[in-house]
Amino acid sequence: DRAVAHFDSRVGVFDSQDEAIALVLWRAYDCSVNCAQDECHYGGAPLNVTRSGFSDKLLWLQDAGLLPMNPHRAYGSLYVKGQGEFEVISPDTNETIRVNRSVNVHVNDGVHGPRNLLLLPSHNMSILPDPGDARMQLRNGSFWRYVGSSGTTNQAHRERDRQPRRNRDKRTRSSKSGFLKKIY
């Protein structure tokens, strides 16, 4: 398997939405510039290729059969908080019920617009989608759902939450907000 590139996300406070979007656009540009370098590095390119220009790296990647790149590496991924409706089984009544849960939606997955965030304005699309935007629709593999002690639908999680604090794993103890679970 090939290595998965990732960026250590950070929380920030901005004076305006424009400043926040400027950072997202800079990261999108940075991803487009560094994707070939990363792919060459993890693909085992010789040193003279990794030190060469963008075009030479792309030629090497083509010859090595490493193109096209994985979308997350070539374009980055932008997730936006939204809401999703899900069917769950109530552990108390064993009935199927519908619930609303917070989700993080992958808005540049290419289904409703370009993957490259820098191309959104040329498609008359905003960087951050409005609530009714088609990019916010939940599709298989397009979102991460928040689950935790107050929002879990899994009985195993409920049992874990009932355990005394000293028996919980380190991740649960250090995070009061829960964790992210990928939904397919």
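# A tour from surface patch to core

Start on the surface. Select Phe 14, Leu 23, Trp 26, Tyr 29, Val 33 and Leu 118: together they make a nonpolar surface patch with about 560 Å² of accessible area. Phe 14 sits in the segment before helix 1 (17-43). Its relative accessibility is 35%, so Phe 14 counts as partly exposed. Keep in mind throughout that this is a predicted model.

**Whole chain.** Zoom out and colour by secondary structure. Six helices and four strands appear. Along the sequence they follow the pattern α-α-α-α-β-β-β-α-α-β. The chain has 184 residues, and 32% of them are buried. It exposes about 12400 Å², with carbon and sulfur atoms supplying 50% of that area. Now turn on contacts with a separation of 6 or more: residues 24 or more positions apart account for 55% of them.

**Helix 1.** Select Arg 27 and Asp 30. They form a salt bridge, with the closest N and O atoms 2.8 Å apart. Both residues lie in helix 1, three residues apart, about one turn of the helix. Arg 27 counts as partly exposed because its relative accessibility is 24%. Asp 30, at 19%, counts as buried because the cut-off is under 20%.

Next, select Glu 39 and Arg 73. Their salt bridge has its closest N and O atoms 2.4 Å apart. Glu 39 belongs to helix 1 and Arg 73 to helix 4, so the pair ties together parts that are 34 residues apart in sequence. Glu 39 and Arg 73 are both buried. The whole structure holds six salt bridges.

**A cis bond.** Go to Leu 67 and Pro 68. The peptide bond from Leu 67 to Pro 68 is cis, with omega near 0°. Most peptide bonds are trans. Pro 68 is in the loop between helix 3 (54-63) and helix 4 (71-75).

**The hairpin.** Select 79-89 and 96-106, which are strand 1 and strand 2. The two strands run antiparallel and are joined by 11 bridges. They form a hairpin with six residues between them. Pick Asn 94 in the turn: its phi is positive, about 60°. Most residues other than glycine have a negative phi. Asn 94 counts as exposed because its relative accessibility is 63%.

Stay on these strands and show Arg 98 and Glu 85. Their side chains meet in a salt bridge (2.4 Å, N to O). Arg 98 lies in strand 2 and Glu 85 in strand 1, so this pair ties together parts that are 13 residues apart in sequence. Add Glu 87: salt bridges with shared partners join Glu 85, Glu 87 and Arg 98 into one network. Glu 85 is partly exposed, since its relative accessible area is 45%.

**A second positive phi.** Move to Asn 124, in the loop between strand 2 and strand 3 (143-147). Its phi is near 55°, again positive in a residue other than glycine. Asn 124 counts as exposed because its relative accessibility is 75%.

**The cores.** Finish inside. Select Leu 78, Val 105 and Val 107, which touch the most other members of the 15-residue largest nonpolar core. Helix 1, strand 1 and strand 2 each supply at least two residues of this core. Apart from it lies another core of 10 residues, including Cys 35, Cys 40, Leu 61 and Leu 66.

Return to Val 107. Beyond its neighbours within four places in sequence, Val 107 contacts Leu 78, Val 80, Pro 129, Arg 135 and Met 136. Last stop: Val 80, which stands opposite Val 105 in strand 2.

Definitions and conventions. Residues numbered from 1 in each chain as written. Predicted model: local features only at pLDDT ≥ 70, side-chain atom pairs only at ≥ 80, totals over all residues. Heavy atoms only, no water. Patch = residues over 30% accessible without salt bridge, like charges linked within 9 Å, V, L, I, M, F, W, Y side chains within 5 Å. Areas by Shrake-Rupley, 256 points an atom, 1.4 Å probe, with all protein chains shown as cover. Salt bridge = Lys/Arg side-chain N within 4 Å of Asp/Glu carboxyl O. Buried < 20%, exposed > 50% of the residue type's maximum accessible area, 1.4 Å probe, protein only. Contact = heavy atoms within 4.5 Å. Core = buried A, V, L, I, M, F, W, Y, C linked by side-chain atoms within 4.5 Å. Pairing = 2+ DSSP bridges.
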